[in-house]
Amino acid sequence: MKTENTVWHEQHISKEQRASLKKQKPCLLWYTGLSGSGKSTVANAVDALLFKLGCHSYLLDGDNVRHGLNGDLGFSDDARIENIRRISEVSKLFLDAGLIVSTAFISPFLQDRASARAKLEHDEFIEVYIDTPISICEQRDPKGLYKKARAGEIKDFTGIDSKYDIPENPEIHVKTAQQSIQECAEQIVNHLVDKGFINISTNISGNLSNKEHG
């Protein structure tokens, strides 16, 4: 809770200066999708691709954050809302450092994603909808969560007994059931190139080949 004695301190080095030093424009890639849709897998592939291209990025993974910062939160609707509120605030700090940030969370509620977007400057929030049919998510079920949810062992599970609001107008629409992970990653990085967040050739594969053999 804020107090009357809390004030905002302006820093001597601006976000623009930090971004200029890194030769990129900071943004937030907000991955959303059902459990097992491929959010973390795609986000990691994008992060690795950005690293190879010499970009400065960081990935905030949903499970990892719940081991620390959000370790006190459960999976009720209220807890999910607070989970997303905290991570959106942390993401904003990372953007202030001039980074390209990725967050891989289910973030099931439309209003929470809209609130996260509203915290950032125009065009900085890039919603990435990892669109994978629930039937395929259940087939993958890498953590066995759907099986437990169907058996009633897990409550408030997104897609089973807790709703998921499908993104209405995501900046990037990825279909992991039809594309390879590499194709998904290149689709997302190409979007960053097209929108001027990173300054490299549009030939992503060519850039990687040159860097790996240079």
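For the classification used below, Ala, Val, Leu, Ile, Met, Phe, Trp, Tyr, Cys and Pro count as nonpolar, Asp, Glu, Lys and Arg as charged, and the others, Gly among them, as polar. The structure described here is a predicted model. By this classification, the lining of its largest pocket comprises 10 nonpolar, 10 polar and nine charged residues.

The largest pocket encloses about 660 Å³ of space. Helix 2, helix 3 (62-66) and helix 4 (77-96) are the elements that contribute two or more residues to its lining. In total, 29 residues line the largest pocket, and those lying nearest its centre are S35, D63, I106, K143 and L145.

Of these central residues, S35 was examined further. S35 is located in the loop that connects strand 1 (27-32) with helix 2 (39-52). The relative accessibility of S35 is 12%, and S35 is therefore classed as buried, the cut-off being under 20%. When neighbours within four places in sequence are set aside, the contacts of S35 are I106, C137, L145, Y146 and F157. Two of these partners, I106 and L145, are themselves listed with S35 among the residues nearest the centre of the largest pocket.

The strands of the model were considered next. An open sheet is formed by five strands, arranged in the order 2-3-1-4-5 with parallel pairing. Strand 2 (57-61) and strand 5 (172-174) lie at the edges, each pairing on one side only. From one strand to the next, the twist averages 20 degrees.

Within the sheet, strand 3 (residues 100-104) is paired with strand 1 in the parallel sense through five bridges. Strand 3 is also joined to strand 2 by five bridges, and these two strands run parallel. T103 of strand 3 takes part in both pairings: T103 is the bridge partner of W30 and also the bridge partner of L60. Although strand 2 is an edge strand, strand 2 is mostly covered, with four of its five residues buried.

Helices pack on this sheet. Helix 2, which also gives two or more residues to the lining of the largest pocket, touches strand 1, strand 2, strand 3 and strand 4 (125-130). The direction of helix 2 makes about 165 degrees with that of strand 2. Helix 5 (residues 110-118) likewise packs on the sheet, where its contacts are with strand 1 and strand 4. The direction of helix 5 makes about 150 degrees with that of strand 4.

Notes: Residues numbered from 1 in each chain as written. Predicted model: local features only at pLDDT ≥ 70, side-chain atom pairs only at ≥ 80, totals over all residues. Heavy atoms only, no water. Buried < 20%, exposed > 50% of the residue type's maximum accessible area, 1.4 Å probe, protein only. Contact = heavy atoms within 4.5 Å. 1 Å grid on protein atoms, 1.4 Å probe; cavity = no way out; pocket = protein on both sides within 12 Å on 5 of 7 lines; lining within 4 Å. Points joined across faces, edges and corners; volume = space filled by probe spheres on them. Pairing = 2+ DSSP bridges. Axes fitted to C-alpha atoms, helices over the stretch in contact; angles between N-to-C directions.
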